[in-house]
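Here's a quick walk through a protein model for someone who'd rather be at the bench. Have the viewer open and follow along.

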Amino acid sequence: MNTVWIIDDDRSIRWVLEKALGREGIEHASFSSAGDALAELERTPQPPAALLSDIRMPGESGLDLLQKVKERHPQLPVIIMTAYSDLDSAVAAFQGGAFEYLPKPFDVDQAVALVRRALEQTAHQNGAAEEISLAPEILGQAPAMQEVFRAIGRLAHSHATVLINGESGSGKELVARALHRHSPRRDAPFIAINTAAIPRDLLESELFGHERGAFTGAATQRRGRFEQADGGTLFLDEIGDMPAELQTRLLRVLSDGHFYRVGGQQPIRANVRVIAATHQDLEERVRQGLFREDLFHRLNVIRLRLPPLRERREDIPLLVRHFLQKSAQELGVERKRISEATLEYLQAQPFPGNVRQLENLCHWLTVMAPAQVVEVADLPPEMREQPGRESPSNWMEGLGSEADRLIASRPGEVFDRLTREFERTLIRRALAATGGRRIEAAQLLGIGRNTISRKIQELGMDEERTPEAEESGR
C-alpha cells in the first residue's frame, strides 16, 4: 500500500494536504484524531507508506501516536507537524524517531517533497536489504591502497622500522596498528604517541620515563613509552615535529637499543619496533637543518606512502557506508543510507581532512540528516556551498545540487526549468559582454542571430533590455 495518512484535527489543514497530494497522484487517507488513525492501523492488514501528523490534538497527541506507531512499525516514516515550533517539541519528535519535523505554517510544496522522500524511503526498505559485512581494519579498493595492503602483507614477518608518509587524517595510525597486528609482535603492546601534541619539556619524560626526584614534581618513578611498549611496537606520530635534542636521544636508542630514564644512571634495553609517521617532507626538513639526516636514514628503512582521499575517490562510497554503519552502532540508531547522487557529489569534493573528515561527516549525517536516505540537500551547508573552492567542475556540482533540489520539489519540471535558466544565463552574459548588441552576442555564443532573437523572445527577456540595447541590437 503506497498510501499516506494525514492526521490533524484542523479540517482546513487536512483539505490543503489532500488537494496537494491528489495533484501529485499520491494516494491518501485523512483522520481527525490520533485515536482514529490508531484504530485503523489495528484493522488494516498493511500499514500506510507514510504518516503526516499534527502534534497537538484533542485526546492522544502526535507524539503519543508516533510512539505507538514506532512500537508496531519501526520503519514507518512519520512527519510531525506543529504550529508550536519550540525546541522541546522538536527534540521530542526526533527522539521518538520522527522522519522530519514540519513547523506550521509550511510551504505546501515543501510538505509534498517531504512526503515523496518518505515514500522513497519506504520503497527502498521494501526492496532487498543491503548486506553489511564485517569490515576489515582498513578499507580501500583503489590501486594506491592495494599497494599499501601488499606492503603490510610483505612486512608480516618483519621487525623492520617503518616510516609512513601521509597527510593529516589519511589513516596513518590505522596502518601502524595493522602492521603491528600482522607482525610477530602482535601479542605484545602497541603504544602510540603524537610527538607534536606533547609540550617539549614533557616529551622526553613521556618517551623515556624518569626517576623519582629527577625534576620538580617527579614524586615517583615513571616508566616511559619505550618501556611500556617492551616486546611490542611504539608508534611515533608526527615525528617531523620532534625537537632536535630528542632526535639525538631517539637516534641513540635506534642505534644501540639502550636508553636512560630522565635522571637515571642505569641503561635500559629497548626491545621495541619503531613505526614513525609524518605529514611532512622529511628530506626537505633535513635540507633545512630541521631534522637529523642520520635519524632520517634510521627511520627510513621501509617507507610506506598513504594516499590522500582525493587520490582514491573510488573508495569514498565504501568508506561512507562503513562510517554510517559505525556511527549508527555507536549511537544505537538505524543506519542512514546514502543516495547515488549524494555519493557522486561527495566523490567530487576535495576533502582536505581526508578520511577523518569523511568519518566526521558521516557521524554528523547520522545525527542531523532528517531522512534515512541522505540526499545532497542534507549535507552540511559549508559542504554544499564550497565557498573557497575553485574547480572547473564546480559549476557542474552546483548544477547537480540544483537538479537534486528540483527533483525533490518540482518533479516533472526539472528539465524545462534548468534548460531555460541555462539559456537565459548564457544570453544575458553574452549581451552584457557586447553592450546589448545581439549580432555580436550570437557570434560569441556560436549561434545565429535569428536564434538569439528567438530565444530572447521565448525566454521573456525583451523587457530586460534597455532602450540603448534595443537600438544597438537592430
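What follows goes from confidence to the strands and then to the core.

## How far to trust it

This is a predicted model, so to speak of local features takes a pLDDT of at least 70 and side-chain atom pairs count only at pLDDT 80 or more, while totals for chains, interfaces and linings use all residues. Residues are numbered from 1 along each chain as its sequence is written, and side-chain values use heavy atoms, with hydrogens and water left out.

The average pLDDT (the predictor's confidence in each residue, from 0 to 100) is 84 for the protein, and 89% of the residues score at least 70. Two stretches to treat with care: pLDDT stays under 50 over residues 128-135, and again over residues 387-392. Where pLDDT is low, don't read the predicted coordinates in detail.

## Around strand β1

Start with β1, residues 4-7 (strands are DSSP E runs of at least two residues, helices H or I runs of at least four, numbered from the N terminus). Val-4 and Ile-6 on one side and Trp-5 and Ile-7 on the other are all buried, where buried means under 20% relative accessible area with a 1.4 Å probe, protein chains only.

β1 runs parallel to β2 (residues 28-31), with 4 bridges joining them; strands count as paired if DSSP finds at least two bridges between them. Ile-7 has Phe-31 in β2 as its bridge partner. Put helix α1 (residues 11-23) between these strands and you get a right-handed β-α-β unit: with the strands pointing away from you, the path from the first strand over the helix to the second runs clockwise. β1 also runs parallel to β3 (residues 50-54), again through 4 bridges, and there Val-4 stands opposite Ala-50.

## The five-stranded sheet

Another spot to look at is an open sheet of 5 strands, ordered β7-β8-β11-β6-β12 with parallel pairing. β7 and β12 (302-305) are at the edges with a single partner strand each, so one side of each has no neighbour in the sheet. Between β7 and β8 there are 5 bridges, and Asn-194 is partnered with Asp-237 in β8.

## The largest core

Which residues touch the most other members of the largest nonpolar core? They are Leu-207, Phe-226, Leu-234, Leu-236 and Ile-239, out of 28 residues. Such a core is a set of buried Ala, Val, Leu, Ile, Met, Phe, Trp, Tyr and Cys residues joined through side-chain atoms within 4.5 Å. The largest share, 4 residues, comes from α10.

Terms used. Buried < 20%, exposed > 50% of the residue type's maximum accessible area, 1.4 Å probe, protein only. Contact = heavy atoms within 4.5 Å.
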